[in-house]
Amino acid sequence: MSKGITLHYTKANILRGAIIYSSGDLIASILLGEFSIYRLIGMIVLGATLYALEIPNYFAWIEVKTKDISGIKKTLTKTGLAILYFNPLWIARHLLFIKLFSGNFNQIDLNLLKIAWFSFLVNIPISFVANYLIQNKVILNWRFLASAIFSALMAIYYALSEVIFSS
């Protein structure tokens with residue numbers, strides 16, 4: 001019988017996800033004049049549930065997958081896997097949640113994928129450095145917190161990228 005990866009969903013990550021992800025989106029929504037209490041509540045719930053569950057477990061999976069690799073190959077593999085996780089589809093999904101929580105159902109279309117793609121491409125240099133540091137310099141138990149803080153900053157960028165990269 002093969003041993004699977006144990007899923008971790010901790011109270012600390014639930015609280016961190018709720019506070020940090022919603023804070024970044026709150027700043028973005030205020031900057032864009034799009035504040036909505038429903039959006040704020042939605043982002044609190046999203047950060048405390050989906051993000052607090054999937055991101056720490058993905059980071060644990062990266063550790064398992066790279067345990068037998070060493071040196072620069074390990075460093076680059078861990079960084080690359082983190083960047084691949086926060087890909088254009090992840091960004092588009094995040095933008096979709098924003099639209100859903102804001103009640104802007106009519107703004108949900110394929111343009112979100114275009115915005116996400118351009119946002120991802122422009123962000124690669126920053127994302128590479130941040131994910132390198134998170135995956136290779138921060139211990140596993142603190143990676144979700146570090147990633148959430150980076151993602152809160154990126155939430156501001158993603159919200160603004162809709163304005164920047166919209167057609």
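In the predicted model, the largest share of the lining of the largest pocket, five residues, is contributed by helix H6, which spans residues 140-165. Helix H1 (11-31), helix H2 (37-66) and H6 each supply at least two residues of this lining, and the space in the pocket amounts to about 260 Å³. Of the 15 residues that line the pocket, those closest to its centre are His8, Asn13, Pro56, Leu140 and Asn141. Divided by class, the lining of the largest pocket comprises eight nonpolar, five polar and two charged residues.

Enclosed space was examined as well, and the structure was found to hold two cavities of 30 Å³ or more. The largest cavity contains about 80 Å³ of space, and its lining is formed by Phe86, Trp90, Ile91, Phe120, Asn123, Ser127, Asn131, Phe150, Ser151, Met154 and Tyr158. Helix H4 (88-102), helix H5 (111-137) and helix H6 (140-165) are each represented in that lining by at least two residues. The residues around the largest cavity divide into seven nonpolar and four polar, with no charged residue among them.

For the second largest cavity, a volume of about 30 Å³ was obtained, and the residues lining this space are Leu32, Glu34, Arg39, Leu95, Ile98, Ala159 and Glu162. At least two residues of this lining come from H4, and at least two from H6. By class, the lining of the second largest cavity consists of four nonpolar and three charged residues, and polar residues are absent from it. Helix H6 thus supplies at least two residues to the lining of the largest pocket, to that of the largest cavity and to that of the second largest cavity.

Two residues of the lining of the largest cavity, Phe86 and Trp90, also take part in aromatic pairing, for which a search of the whole structure returned 10 pairs. Tyrosine 85 and tryptophan 90 form a tilted pair, with 6.5 Å from centre to centre and 50 degrees between the planes. Phenylalanine 86 and tryptophan 90, by contrast, form an edge-to-face pair, with a centre-to-centre distance of 4.9 Å and an angle of 80 degrees between the planes. Tyrosine 85 and tryptophan 90 are both buried, and phenylalanine 86 is likewise buried. These three residues belong to a cluster in which ring pairs link Tyr21, Tyr51, Tyr58, Trp61, Tyr85, Phe86, Trp90 and Phe144.

With regard to the overall fold, the secondary structure of the chain comes to six helices and zero strands, and the pattern read along the sequence is accordingly written as α-α-α-α-α-α. A compact globule of 167 residues would have a radius of gyration near 15 Å, and the 16 Å computed for the chain therefore agrees with that expectation. Taken along the principal axes, the C-alpha atoms fill a box of roughly 45 × 35 × 30 Å. Of the 167 residues of the chain, 43% count as buried. Among contacts between residues at least 6 apart in sequence, 78% join residues that are at least 24 apart.

Key. Residues numbered from 1 in each chain as written. Predicted model: local features only at pLDDT ≥ 70, side-chain atom pairs only at ≥ 80, totals over all residues. Heavy atoms only, no water. Phe/Tyr/Trp six-rings, centres within 6.5 Å; stacked < 30°, edge-to-face > 60°. Buried < 20%, exposed > 50% of the residue type's maximum accessible area, 1.4 Å probe, protein only. 1 Å grid on protein atoms, 1.4 Å probe; cavity = no way out; pocket = protein on both sides within 12 Å on 5 of 7 lines; lining within 4 Å. Points joined across faces, edges and corners; volume = space filled by probe spheres on them. Helix = DSSP H or I, 4+ residues; strand = E, 2+ residues; numbered from the N terminus. Nonpolar A, V, L, I, M, F, W, Y, C, P; charged D, E, K, R; others polar. Rg over C-alpha atoms; globule rule 2.2 N^0.38 Å. Contact = heavy atoms within 4.5 Å.
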